[in-house]
Amino acid sequence: MKFMKLGSRPDTFYTIEAVRSVSSDVSSDLIIQVKGSKYMLHKFPLLSKCLRLQRICSESPETLERQIIQLPDFPGGIEAFELCAKFCYGITITLSAYNIVEVRCAAEYLQMTEDVEKGNLVYKVEVFFNSCILHGWKDTIVTLQSTKAFPLWSEDLGITSRCIESIASKVSSHPSKVSLSHSHSRRVRDDISCNGAEIQRHRQTIKGWWAEDIAELSIDLYWRTMIAIKSSGKVASNLIGEALQAYASRWLPNISVKVKANKDAAASSSDSDSASEVTSKHRLLLESIVSLLPSEKGAASCSFLLKLLKAANILNASSSSKMELARRIALQLEEARVSDLLIPCLSHSSDTLYDVDMVQTILEEYMSQGQSPPTSPPRSKLAIQRRRRSRSAEIVNIEFQEARRSSSASHSSKLKVARIVDGYLQEIAKDRNLPLSKFIAIAETIPNFSRPDHDDLYQAIDIYLKAHPDLNKSERKKLCRILDCKKLSVEACMHAAQNEKLPLRVVVQVLFFEQARAAATGGKVTELPSNIKALLASHNIDPSKPPGPLSTTTSNIPADDQWSMSSIKSPKSRISTLKPKAARDDDLDENNMNPDGMGRSSKFKAFCALPTRPKRMFNKLLSINRSGSEKN
């Protein structure tokens, strides 16, 4: 830290009965009152350097007693006034970054300029400020911080703007070219002297060496400084993002705990104004940080943006700030973590644990940001050759391939986001107050092609069913409509077949597709157990006769219960494209049972047409029908 000494005489100021005076053979003839403090001084040394005091004394009537001057609005208080008075007496004073602002403002107030005397205090302070303070990194920051106590004076004298310009110019320079403090210089020098892997580890730290220091500034000064840094165009956007993250970590740590403590304090002491003031201060700080975020994608991490969004929710920030954060998060949603998406819900109109509506907004924004349409699976060579029979078809195929290449990155992003969303659904499904409609809305935001398998989605549905045991039959059917049984793994199918909370139709579909998959992969038909044979015989179905193909089973099956096989043609097909023909998803429930507890014979005809792999699938089927019989 730089400092400058002015004057050579020893300090002779003393205090008697709360009155400050100076040792002298000449009696004092001037009393100056500064903010409650009284000084008994002499006119000659003060008036010879202070034009303001000259004018006040000339305008006051002369009396035989000491002349009294009131300075109630003196900038800097008694400390700054005493430094100026000592300078007038030639007593040694020390200027540094910690007091230069108050001394400069006081000297300006007293008009200690060159018009009164050459080499006056204003001139000397300006020389020290321009030649030393602005050349030092830490000195400039400390000086800028001290302007907070005298905002109007500092603005009028150009102290604030000059400090900000100096910091911005230093940030765009290499730290080796900046005059840093001793400790900071040593830390940077140690980083630069590292070699090998340590250089890679510290390289980013060296580039953002300035972030932690300017994080000590108040939000208004920090905002202006960051605007100046961004305007220079010499600092990478990711470094600005990291600097904003450092500032938020400095001033917004555990914001939820702080706000709760303030609310509790306000409730206990009835001092709601104080708590509201603290909340408003944090809200202003957060909204200022949001306004400083670089426009480039990836300048700030998705995790940091989501933390800001959580804080914005807690502090009840403006809707524009929340929407801006949601838009930026959507741009890089594939980088998010499930834990970051768990935004606390503080709305009085909702009892849910998490703000599902905000996540819904993020997902909708993600899907609307110019994403390319989904691409279909690869086509076989034979299919491509057939498409080339005409020139028009060939052109269409070329355009399709170009669109597919351009959307590959978007498709990969959607796959990642879909996995994140399914993990998020598993977390919010535990909330007993989460409405079914919101759960389904989140799940349906992601397009079907983004989920190559539905195992994670099935797990989320299973968790929701367990956390909401009071769901009626219609609600359970509605929930399971978002599940595609064709995309369940063997393990998930085994679990679903034994899941008593699932609607009966879903269990039937799981068994159907699992057996169809076994046939597609070359599974062998196993002998039906005797109990299954007896069940089929009770419906006049002869299990000894070879069943017809699936397409011939539709004649005796109601339209809403028919299934068709569209592409289980070779063992190479990992995932079949079997799907229900009906638009609605009616359940094989108690209302569709015969009085003897048996289901419709058409259902079992369809199952007779299926080659089987594990016998336990049919054992499960029997247990389902038995349970239905017991209910009736």
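Before we look at how a helix sits on a sheet, let's settle one word: contact here means heavy atoms within 4.5 Å. Keep in mind, too, that this is a predicted model.

With that in hand, find helix α3, residues 77–89, which lies across β2, β3, β4 and β5. Helix α3 runs at about 5° to β5. And the sheet underneath? It's an open one with five strands, in the order β2-β3-β5-β4-β6, and the pairing is mixed. At the edges you'll find β2 (13–16) and β6 (67–70), each pairing on one side only. Going from one strand to the next, the twist averages 25°.

Now zoom in on β3 (residues 19–22) and β5 (residues 37–41): these two run parallel and are joined by three bridges. For instance, Val19 has Lys38 in β5 as its bridge partner. Another helix, α2 (residues 51–59), also packs on the sheet, where it touches β4 (30–34) and β6.

Next, the salt bridges; the count comes to 20. One of them sits back in helix α3, where the side chains of Lys86 and Glu82 meet at 3.4 Å, N to O. These two are four residues apart in the helix, so about one helical turn separates them. Lys86 counts as buried because its relative accessibility is 11%, under the 20% cut-off. The pair also belongs to a network of salt bridges that links Asp11, Arg20, Glu82 and Lys86.

What about a salt bridge between loops? Glu117 and Lys49 meet at 3.2 Å. Glu117 is in the α4–α5 loop and Lys49 in the α1–α2 loop, so they tie together parts 68 residues apart in sequence.

Conventions
Residues numbered from 1 in each chain as written. Predicted model: local features only at pLDDT ≥ 70, side-chain atom pairs only at ≥ 80, totals over all residues. Heavy atoms only, no water. Pairing = 2+ DSSP bridges. Axes fitted to C-alpha atoms, helices over the stretch in contact; angles between N-to-C directions. Salt bridge = Lys/Arg side-chain N within 4 Å of Asp/Glu carboxyl O. Buried < 20%, exposed > 50% of the residue type's maximum accessible area, 1.4 Å probe, protein only.
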